[in-house]
Amino acid sequence: MSTATRPSQGVPALYPGGLPRPARTLVMGIVNVTPDSFSDGGRWYDPGRAVAHGLALLDEGADILDVGGESTRPGAVRPSAEEELRRVLPVVRELAAAGAYVSVDTMRAEVAARAVEAGATLVNDVSGGLADPAMLPLMAQAGVPYVAMHWRGHSAGMQANAVYDDVVADVVDELRWRVEAAVHAGIAPDRIVLDPGLGFAKSPEHNWQLLGRLQEVAALGHPVLVGAARKSFLGQLLADPATGLPRPADQRDAATSAVSVLAATQGAWCVRVHDVASTADAVRVTARWGRDVTAVTPGTPLF
Ligand code: PMM
């Protein structure tokens, strides 16, 4: 499909608060412009290749493209702000110009501001405003939707923070505090999306508990984004029975689609994935299925 014929990719008209609210779970396609992300490290590091990849994800059915220039894999070393800008800006600019709904995955206010200038219409901050004190005030000013993820520290040492009394209750409390901080800074509540932050200071068991009790996160009253794609807890679940070795990251897409379906049944607003084609189909099937179930027994959960 040529870029000229790609005006909106079916993303519904924006709400006054800027959040699309379709009748199904949205699909956010991942465009990592990094040399070192765990799942696709280096494949789209060149800006031209990243743009081509983003356009291909749109054609596969992505509603939103999430462009990131910093790997958050456990132990990752942070790039400088200049380097992050150099990676993401040209990609954001070109994808937005092609008509995509572009999100920028950054913890830095300066990068968020420059990306919004370049055409990004959503900011995805894995630190929920904790990494950069300038982020929440900037978001209040920018007025675009803001994803606040549950986070307890930078990747280098984050797994040492994976200590909870009750992971779901603790994550919900900490997300509530982030919402309070965001609203206090002036961000409109209807622009805030929450994310439990799978894999960020979480053990596999923590991730499974959060997924199983996703409705407790949704009960905070904000749209919920789920980022399970290709993460190591899936690799561990599907470890080779003979060797015990985790399933490699590039062979976790079927499991990711299964998580997308289940997250959609729990009312997730959006799922963030690498393999858009399978999840784009999965969320459509889930929405169609759920419509009839709801029609028969209103208000009954699917499972
Ligand atoms: N995970 C990664 C990066 N950004 N953003 C949100 N909102 N939620 C996530 O779970 C999340 C994220 C790390 O995964 P990647 O290296 O495959 O992009």
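A nonpolar core is a set of buried Ala, Val, Leu, Ile, Met, Phe, Trp, Tyr and Cys residues joined through side-chain atoms within 4.5 Å, where buried means under 20% relative accessible area with a 1.4 Å probe and protein chains only. The model is predicted, so that local features need pLDDT of at least 70 and side-chain atom pairs count only at pLDDT 80 or more, while totals for chains, interfaces and linings use all residues. Residues are numbered from 1 along each chain as its sequence is written, and side-chain values use heavy atoms, with hydrogens and water left out.

**Exercise 1.** Describe the largest nonpolar core and the surroundings of leucine 95.

Solution. Start with the core itself, which has 77 residues, those with the most contacts inside it being Val67, Leu95 and Val226. Helix H5 (a DSSP run of H or I, at least four residues), spanning residues 167–185, gives the most to this core, namely 7 residues. Next, take leucine 95: beyond its neighbours within four places in sequence, its contacts (heavy atoms within 4.5 Å) include Val51, Leu65, Val67 and Val102.

**Exercise 2.** Which residues are closest to the ligand, and what polar atoms do they place beside it?

Solution. Of the 18 residues that surround the ligand (a heavy atom within 4 Å), the closest are Asp105, Asn124, Asp195, Lys231 and His274. Among polar contacts (N or O pairs within 3.5 Å), a ligand nitrogen lies 2.7 Å from a side-chain N or O atom of asparagine 124, and a polar side-chain atom of aspartate 195 is 2.6 Å from a ligand nitrogen. Histidine 274, in turn, has a side-chain N or O atom 2.9 Å from an oxygen of the ligand.

Terms used: Polar contact = N/O pair within 3.5 Å; in protein donor to acceptor, adjacent residues only side chain to side chain. Buried < 20%, exposed > 50% of the residue type's maximum accessible area, 1.4 Å probe, protein only. Helix = DSSP H or I, 4+ residues; strand = E, 2+ residues; numbered from the N terminus.
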